Amino acid sequence: MANENRTCPNCNSPLTLQNGNWFCPICGSSFASDWQAEDVERAREATRVQREQAQAQRNQTINQTRESIQQAKTANEARRTGQAQMFRIAKPLLIIFAIWIILSIGRFILFGAVGFSLINTNILGGSDNNSKTNTTTEQKQFFPVEELENDPSLLKDVIASGYYYAKNETAQEIDFSGIARRTGTPELIELYSIRAVNEYGTFIMMVWKNMYQAEDGTAFERYVSMRIYLEELTPDGTVVSDFATFTIGRPYSSADGGYTDLDELHLETITEAGYAGEKVTELPITEELFSEISDYRG
């Protein structure tokens, strides 16, 4: 048996006899010295099983690796998709924010430059030394409101403009649970001067009352307020103004025609003006003044 040549049933390499056993120096297999053919088959079967188990282990490892890679790809795609959606949502907001920043800077530059130019070029009636304090003082004295208190007839053209607006531009009919149409002509019930702060000048505020009547005869009162900017009073007693009226307080629409409550109107006009630091003075309304009002400006 010592001279017998045998090969390894696993790798077909020559076996050597060591310590009474056949040993394969290539694959490391060991066999008894008296092994027979059936021993070889058993060894081959054991080797086959080991190989299958090893291959199964490798396949499992490969599959696990592939699943991990696929999960990572799926997570990355979901993250990229989420980031793209967030960018699509955030992009318009970023654009709007950038536009707001640009407009704010432009507005600051524009109004800052205009205000600086007005003060330094004396457009607002300031003194020659360009003192803002003197400019503010002279601007507040620019229109002598006291003259209007003594002679309200100076405002006849201003009142005529307000009358035209109250008659022609306010709602001709209002909704309540049906339709109520306006009747008669507007009535001037309150007259104020408003001396604005921050060198904005003097305004005349008017409160007009319109009457509406429904088909069943129910009457409704609506109050509208407006104001006109006064530029100056000339030495001959003429009020200089563009006579352009604009609303003050809640804008009145075709649905309601204005305020239903004078207290609410006062709260949103006179009270708010006082909170803003503006000086509000009530002016008298005379029959002579109102009798001179006409709608010739229309």
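**Exercise 1.** Decide whether Glu221 is buried, partly exposed or exposed in this predicted model, and then find its salt-bridge partner.

*Solution.* Begin with the relative accessibility of Glu221, which is 35%. Buried would require under 20% and exposed over 50%, so Glu221 counts as partly exposed. Turning to the partner, Glu221 forms a salt bridge with Lys209, and the closest N and O atoms of this pair are 3.9 Å apart. The two residues belong to distant parts of the chain, with Lys209 in strand E6 and Glu221 in strand E7 (residues 219-230), 12 residues apart.

**Exercise 2.** Establish which residues are linked with Lys209 in a network of salt bridges.

*Solution.* Besides the contact with Glu221, Lys209 forms a salt bridge with Glu187, where the closest N and O atoms are 3.6 Å apart. Because Lys209 lies in strand E6 (residues 202-214) and Glu187 in strand E5 (residues 179-195), this pair ties together parts that are 22 residues apart in sequence. Next, compare the accessibilities: Lys209, at 17%, counts as buried, whereas Glu187, at 39%, counts as partly exposed. The network therefore consists of Glu187, Lys209 and Glu221.

**Exercise 3.** Given that the whole structure holds 3 salt bridges, describe the one formed by Glu173.

*Solution.* The partner of Glu173 is Arg181, and the closest N and O atoms are 3.7 Å apart, which satisfies the cut-off of within 4 Å. To characterise the surroundings, take each residue in turn: Glu173 has 34% relative accessibility and counts as partly exposed, and Arg181, at 46%, counts as partly exposed too.

How values were computed:
Residues are numbered from 1 along each chain as its sequence is written. This is a predicted model: local features need pLDDT of at least 70, side-chain atom pairs count only at pLDDT 80 or more; totals for chains, interfaces and linings use all residues. Side-chain values use heavy atoms; hydrogens and water are left out. A salt bridge is a side-chain nitrogen of Lys or Arg within 4 Å of a carboxyl oxygen of Asp or Glu. Buried means under 20% relative accessible area, exposed over 50%, partly exposed in between (1.4 Å probe, protein chains only). Helices (H or I, at least four residues) and strands (E, at least two) are DSSP runs, numbered from the N terminus.
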